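User: Could you take a close look at the sheets in this model for me, and at what packs around them? I'm in my first year, so please explain the terms as you go.

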Amino acid sequence: MSAQSPACQLLERQKDNYAALWAIGPPIDSWLIDQSSGVVSGDFDVLREWQAKGKQARTPFDLAAGEPFGKEVVLFWPKAHQLGIWWLKWLCEQLPEGTSIDIVGEHQGGIKRVPKMLEELGMPWDKRDNARRCSLFATQAVALDLANGNGASDSAWQQFETAGLTLISHPGVFGHGKVDEGTLLLLESIENSLPKKPLKVLDMGCGDGIISAWLAQRGHHVTAVDVSAFAVEACKRTLAANGLEGRVLCSDVFSALEGEQFDWIVSNPPFHKERDISYGPSQRLISAAPEHLNAGGRLILVANGFLPYPDHLQRAFQDFQTLADNRRFKVYGAIKSQR
């Protein structure tokens with residue numbers, strides 16, 4: 001089987017150099033899964049694919065500092081450069097000094113900026129190969145200046161205040177370090193319609209946890225899910241920072257919630273996967289929402305005005321309302337029939 005993604009096609013030219021490869025933050029590629037010993041990723045979909053093939057699969061939050069996981073490491077450079085820097089720092093903390101680290105990525109994803117970032121971290125580098133509009137660099141783990149807050153655990157998490165809440169975010173999580181306009185519009189649109197009795201609410205695609213914390217602050221019982229382990233960790237930290245309780249799970253849409261039903265499902269659903277537009281998760285959210293709502297339960301979501309969600313809502317619920325529209329974003333509401 002040949003590699004599918006451009007970055008993996010470049011790696012395939014180097015396959016004789018890898019006997020026990022560990023992939024860090026990779027795409028899903030069958031060739032890579034077959035070639036690798038394991039994966040460390042923040043993406044639940046990626047972890048599930050590796051596990052299905054009997055490979056070791058971990059999130060970075062499952063590994064204690066210094067816990068060994070592999071000597072042949074390839075980091076797939078992410079779209080979010082701050083996340084890429086975090087991965088480099090994390091690898092330096094995790095691996096023995098001098099361990100080889102290869103970094104691969106597409107030119108349009110910013111891989112050409114990596115040498116400068118390595119130099120800023122005091123990490124040596126050498127260009128090993130380029131093809132398929134991708135480049136492959138080699139570097140080594142170094143001892144970071146942890147005393148000055150240069151470690152992964154110290155430098156990544158960002159705290160900020162909004163809507164009467166303290167939010168904790170991480171590079172790679174939607175809206176890192178700022179408040180999303182669409183989310184605020186959603187919260188404004190439902191504030192006056194929230195019942196006083198506690199609701200069982202699902203926050204689908206929780207990100208840094210602003211919706212979950214806002215609802216928990218108002219006395220509702222919140223379950224938050226996200227496909228990203230970084231988002232799950234950020235949401236947990238946001239709830240803790242505000243002294244609030246909630247259940248937070250890693251889940252691909254409803255995959256971790258089989259048979260569960262809620263009074264409300266609230267979401268600012270994603271429509272990007274790295275650089276690609278993908279409506280798949282949002283469509284699955286809308287189409288399966290009635291199965292996970294109690295009779296009379298509500299689905300409320302916010303989306304960019306150009307996205308094709310009204311048709312999906314009409315098919316799933318037979319009717320829906322536009323609760324708010326500021327020309328850039330629209331908030332939609334749909335109610336499951338009482339019958």
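Analyst:
**Sheets and their helices**

Let's begin with one pair of residues: Asp102 has Ala138 in β7 as its bridge partner. This is a predicted model, where local features need pLDDT of at least 70 and side-chain atom pairs pLDDT 80 or more, while totals for chains, interfaces and linings use all residues. Residues are numbered from 1 along each chain as its sequence is written, and side-chain values use heavy atoms, without hydrogens and water.

That bridge belongs to the antiparallel pairing of β5 (residues 100-106) with β7 (residues 134-140), which runs over seven bridges. Strands here are DSSP runs of E with at least two residues, helices are runs of H or I with at least four, and both are numbered from the N terminus. Two strands pair if DSSP finds at least two bridges between them.

Both strands sit in an open, mixed sheet of seven, ordered β3-β2-β1-β4-β5-β7-β6. At its edges, β3 (56-58) and β6 (125-131) each pair on one side only. From one strand to the next, the twist averages 20°. Helix α4 (residues 81-94) packs on this sheet, touching β1 (21-24), β2 (36-40), β4 (72-76) and β5, and its direction makes about 165° with that of β4. Contact means heavy atoms within 4.5 Å; angles run from 0 to 180 degrees between N-to-C directions, with axes fitted to C-alpha atoms, for helices over the stretch in contact.

Now to another sheet. Seven strands form an open sheet with mixed pairing in the order β12-β11-β10-β13-β16-β18-β17. The edge strands β12 (247-250) and β17 (321-325) have a single partner each, so one side of each lacks a neighbour in the sheet. Inside it, β10 (residues 200-204) and β11 (residues 221-226) pair in the parallel sense over five bridges, with Val201 matched to Val222 in β11.

Two helices lie across this sheet's strands. Helix α8 crosses over β10, β11 and β13 (262-267), at about 175° to β11, while α9 lies across β11 and β12, at about 170° to β12. The axes of α8 (residues 210-217) and α9 (residues 229-241) come within 9 Å and cross at roughly 30°. The two helices are therefore roughly parallel, a label for angles under 35 degrees. Where do they meet? Ser212, Ala213 and Ala216 in α8 touch Cys235, Thr238 and Leu239 in α9. The contact residues comprise four nonpolar, two polar and no charged; Ala, Val, Leu, Ile, Met, Phe, Trp, Tyr, Cys and Pro count as nonpolar, Asp, Glu, Lys and Arg as charged, and the others, Gly among them, as polar.

Key:
Angles under 35 degrees count as roughly parallel, over 145 as roughly antiparallel, 65 to 115 as roughly perpendicular and the rest as oblique.
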